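Work through the exercises below with the sequence and the structure in view. Try each task before reading its solution.

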Amino acid sequence: MKRLISVLLVLALFLTMAVSFTACKKKDKNEEPQTEEAGGRLKGVDAEEGRAEFIESIGGASETYRGAVSEQSYATAQDAAKSYVQTEVVGMQEAVIESTVSKGELNSAQISDLNLPEDISKGMQKVEQIEVEYSVAEQVGLDGSKEAQALPVASGKTKIIVYVIKYEVDWKYYVPCPVTGETISKSYYDSVFDNEKYKNCTLTSSMSMVVDVDAKQSGIEQTGSLEMTMTQVIKHADNRVMFEQTIDIVGTGIYAGMESSLGFQQGTIRAYLEEENGVMKCYIQQGGQWVPGMLQGIGFSSVEELTPFHNQYLDYTYFTKTDFGFTLQDENAQKYLKTALAQLTAMLNSSDDWDYNMYSEYYVSRGVLSGMRTDVEILLEMNESGVEMTLFETVKNNVTCTNYGTTVVEKIVP
């Protein structure tokens, strides 16, 4: 039983780190998750609760993205349109182009309706509409199962309209601002995750997690709970980083005494990083004094890990545009979660019964990613090696990124 409890603890902590990426409501075949009202333990999560207040705290939600054109030029309008589908629409999958049909050149009024930015419209000769019909190649094995090494099989066909622009003798495709309710484009996603935008800002995050475990073996019942809270404040300015983190973990029952073995440094740690002559130096506060240290000493392996939203970069096709930014929803989130958990769930030999409710929302303010909210509850019921066990976990995570261009990090002189 002790080994199984340890595996579940690792799994729970992995889920804690993974939920920042996910937002879905999992169903077992045609059944809804067992909520409290249905006699289960899941309470349900409400994305609308607190959303307005959160948006107000980051200064509102607003877009500055007005579209983009491809960096690469193409010899024909059809080539540009095909590249749009592969680059901006299907993500990591492979597009199978079925046909491209020109729908004609736009007149001046239609071009005006596109509201093209000056840097895009400058030098353009004409704009053409191309209808592209495509399907997506899925990797399917000979037995019908999906495999890493398999034959490509095309999915259902889809038609979209692509705008292509002619400059001198070459063509480029145009990427409009995503429409609310539709999948976002790669260019839009790249624009809000552009590292250049985060060189001067303040990142603040707070996470709370509760894990409850009930286990029974040979009539003997054991229970335990693990509560963890973590807050971080990271300031970036002038090639300097000021980092502060506080972690508190309390375990009871079967988790009692395991707090120190989780790999997290409890209490408050502070670090200061500064780039000098191309070398990043790290100092850690000890006893009120700043002393030379290493990133590994505060739980990080690279400076990039301190960059706002550094580990949020997924395939853009997972995300749906909203009026406040974008979100992970339903099937796409389930697909991500299934992939993320595949290796860890393989540690358990039984057929596990999962239920979970989640949402994860990303907020754009003045064209930059300024916040993220995640709320999740997970219920795992299993029977392994004669042990009946139930794991129930809740996680709440709020992240804000503010003070763009006004953050100050004072130089520390050890």
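**Exercise 1. Describe the protein chain as a whole, starting with its accessible surface.**

Solution. The model is predicted, and its values are computed from the atoms.

Step 1. The accessible surface of the protein chain is about 21100 Å². Carbon and sulfur atoms hold 47% of that surface.

Step 2. The chain has 414 residues, and 46% of them are buried.

Step 3. Count the elements: the chain contains seven helices and 17 strands.

Step 4. Take the contacts with a separation of 6 or more in the chain. Of these, 70% are between residues 24 or more positions apart.

**Exercise 2. Find which residues touch the most other members of the largest nonpolar core, and which helix gives the most to this core.**

Solution. Step 1. The largest nonpolar core has 52 residues. Those that touch the most other members are Val164, Tyr189, Phe309, Phe319, Phe326 and Leu369.

Step 2. Helix 3, residues 77-89, gives the most to this core, namely five residues.

Step 3. Another core lies apart from the largest one and has 24 residues, including Leu226, Ile254, Ile378 and Val395.

Step 4. Now list the contacts of Val164, leaving out neighbours within four places in sequence. Among them are Ala77, Ala80 and Ala81, three residues that are buried in helix 3. Val164 also contacts Lys126, Val127, Glu128 and Ile130, as well as Trp171, Lys172 and Tyr173.

**Exercise 3. Check the length of helix 3 against the expected span, and list its buried residues.**

Solution. Step 1. Helix 3 has 13 residues, and at 1.5 Å a residue it should span 18 Å. The end C-alpha atoms are 17 Å apart, so the two values agree.

Step 2. The buried residues of helix 3 are Ala77, Ala80, Ala81, Ser83, Tyr84, Val85 and Glu88.

Step 3. To read such a list, recall that an α-helix has 3.6 residues a turn, so residues three or four places apart point the same way.

Step 4. Look past the end of the helix: Gly91 follows helix 3 and has a positive phi, near 65 degrees.

**Exercise 4. Trace how strand 8 pairs with strand 7 and with strand 9.**

Solution. Step 1. Strand 7 (residues 201-217) and strand 8 (residues 220-237) run antiparallel and are joined by 17 bridges. One pair of bridge partners is Met207 and Met230, the latter in strand 8.

Step 2. The hairpin of strand 7 and strand 8 has two residues between the strands, and Ser218 there has a positive phi near 50 degrees.

Step 3. Strand 8 is also antiparallel to strand 9, with 14 bridges between them. Here Ala237 is opposite Arg240 of strand 9.

Step 4. Strand 8 and strand 9 form a hairpin too, with two residues between them, and Asp238 in its turn has a positive phi of about 50 degrees.

**Exercise 5. Is Val241 buried or exposed, and what does this residue touch?**

Solution. Step 1. Val241 belongs to strand 9, residues 240-253.

Step 2. Its relative accessibility is 4%; the cut-off for buried is under 20%, so Val241 counts as buried.

Step 3. Beyond four places in sequence, Val241 touches Ile234, Lys235, His236, Ala271, Tyr272, Leu273, Leu306 and Val409.

Step 4. Take Ala271 from that list: the C-alpha atoms of Val241 and Ala271 are 8.1 Å apart, while the two residues are 30 residues apart in sequence.

**Exercise 6. Classify the aromatic pair of Tyr188 and Phe326, and say which parts this pair ties together.**

Solution. Step 1. The count of aromatic pairs is 15. In the pair of Tyr188 and Phe326, the ring centres are 6.1 Å apart and the planes are at 85 degrees. Planes over 60 degrees apart count as edge-to-face, so this pair is edge-to-face.

Step 2. Tyr188 is in helix 6 (residues 186-192) and Phe326 in strand 14 (residues 325-328), so the pair ties together parts 138 residues apart in sequence. Both residues, Tyr188 and Phe326, are buried.

Step 3. Tyr189 and Phe193 make another edge-to-face pair, with 4.5 Å between centres and 70 degrees between planes. Tyr189 counts as buried at 0% relative accessibility, and Phe193 counts as buried at 8%.

Step 4. These four residues belong to one aromatic cluster, which also includes Tyr65, Phe319 and Tyr362.

Definitions and conventions. Residues numbered from 1 in each chain as written. Predicted model: local features only at pLDDT ≥ 70, side-chain atom pairs only at ≥ 80, totals over all residues. Heavy atoms only, no water. Core = buried A, V, L, I, M, F, W, Y, C linked by side-chain atoms within 4.5 Å. Buried < 20%, exposed > 50% of the residue type's maximum accessible area, 1.4 Å probe, protein only. Helix = DSSP H or I, 4+ residues; strand = E, 2+ residues; numbered from the N terminus. Contact = heavy atoms within 4.5 Å. Expected span 1.5 Å × (residues − 1). Areas by Shrake-Rupley, 256 points an atom, 1.4 Å probe, with all protein chains shown as cover. Pairing = 2+ DSSP bridges. Phe/Tyr/Trp six-rings, centres within 6.5 Å; stacked < 30°, edge-to-face > 60°.
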